Amino acid sequence: MPRCPLSQPADSPVIELRYAIELLSKKLEIQPDEAEKLIRLAKLVRLPRGETLFEQGDASLHFYLLLQGQLKGQRFRPDGFQDLTLSFFPGEMIGELGFFDQAPRTLTISARRDSVLLEIDQAALERFGEFSRSVYHHL
């Protein structure tokens with residue numbers, strides 16, 4: 001998957017870097033220049049409608065910022081009955097609690113619409129921490 005800048009070929013949606021910086025800086029309560037550094041370490045993920053990002057019970061190796069599209073979160077009981085459905089919209093973080101707690105995923109997340117996300121993993125956070133120790137500790 002391509003790294004920033006976030007532009008893509010004409011047949012793909014284009015995500016403006018300024019927009020991604022604004023969303024991430026607001027969500028993580030960090031300065032825009034810090035958000036840009038983290039974005040440049042992140043991975044851009046395109047999730048077509050109907051595709052699954054991760055499943056309930058999977059290891060939480062990444063967290064995401066939804067930049068474009070719409071996601072659906074579903075929770076299933078051990079008997080297979082679905083007991084919770086959530087919607088996620090641009091600007092929302094996905095999977096951050098499990099990531100920081102090192103806990104398994106509590107929901108299955110799939111795309112209701114073609115979606116674009118920033119994927120942030122531990123390696124990106126560690127590299128980010130080398131640039132921004134005080135912000136890294138805030139996270």
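**View 1. Strands E3 and E6 run side by side in an antiparallel pair.** In this predicted model, strand E3 covers residues 62-68 and strand E6 covers residues 93-94. Two bridges link E3 with E6, in the antiparallel sense. To find the bridges, start at leucine 65, which stands opposite methionine 93 in E6. Then look at tyrosine 64, whose bridge partner in E6 is isoleucine 94. As background, strands of a sheet pair through backbone hydrogen bonds, and the pairing can be parallel or antiparallel.

**View 2. Strand E3 also pairs with strand E8.** Strand E8 spans residues 115-121, and six bridges join E3 and E8 in the antiparallel sense. One place to look is phenylalanine 63, which has isoleucine 120 of E8 as its bridge partner. Is E3 largely enclosed or largely open? Five of its seven residues are buried, so E3 is largely enclosed by the rest of the structure.

**View 3. Four strands line up in an open sheet.** Reading across the sheet, the order is E1-E8-E3-E6, and the pairing is antiparallel. Which strands form the edges? They are strand E1 (43-47) and strand E6, each of which pairs on one side only. While you follow the strands here, a general point may help: side chains in a regular strand alternate between the two faces of the sheet.

**View 4. Helix H1 meets helix H2 and lies across the strands.** Helix H1 (residues 17-28) and helix H2 (residues 32-41) have axes that come within 8 Å and cross at roughly 110°. H1 is therefore roughly perpendicular to H2. On the H1 side, the contact is made by Leu17, Ala20, Ile21, Leu24, Ser25 and Leu28. On the H2 side, Pro32, Ala35, Glu36, Leu38, Ile39 and Arg40 take part. H1 also lies across E3, E6 and E8, and runs at about 130° to E3.

**View 5. Leucine 97 sits in helix H3.** Helix H3 covers residues 96-101. Is leucine 97 buried or exposed? With a relative accessibility of 64%, leucine 97 counts as exposed. Now look across to phenylalanine 63: the C-alpha atoms of leucine 97 and phenylalanine 63 are separated by 8.4 Å, although these residues are 34 places apart along the chain. You have already met phenylalanine 63 as the bridge partner of isoleucine 120 in E8.

**View 6. Threonine 108 is a buried residue of strand E7.** Strand E7 spans residues 108-111. The relative accessible area of threonine 108 is 10%, which means that this residue is buried. What does the side chain of threonine 108 reach at 2.9 Å? It is the backbone nitrogen of glutamine 56. Leaving aside residues up to four places away in sequence, threonine 108 touches Thr52, Phe54, Glu55, Gln56, Lys72, Gly73, Gln74 and Phe76.

**View 7. Stepping back, the protein holds five helices and eight strands.** From the N terminus on, the elements run α-α-β-β-β-β-β-β-α-β-β-α-α. The protein has 139 residues, of which 42% count as buried. Its accessible surface comes to about 7,800 Å², and 50% of that belongs to carbon and sulfur atoms. Among contacts between residues at least 6 apart in sequence, 70% join residues at least 24 apart.

Technical notes: Residues numbered from 1 in each chain as written. Predicted model: local features only at pLDDT ≥ 70, side-chain atom pairs only at ≥ 80, totals over all residues. Heavy atoms only, no water. Buried < 20%, exposed > 50% of the residue type's maximum accessible area, 1.4 Å probe, protein only. Pairing = 2+ DSSP bridges. Contact = heavy atoms within 4.5 Å. Areas by Shrake-Rupley, 256 points an atom, 1.4 Å probe, with all protein chains shown as cover. Polar contact = N/O pair within 3.5 Å; in protein donor to acceptor, adjacent residues only side chain to side chain. Axes fitted to C-alpha atoms, helices over the stretch in contact; angles between N-to-C directions. Parallel < 35°, antiparallel > 145°, perpendicular 65-115°, else oblique.
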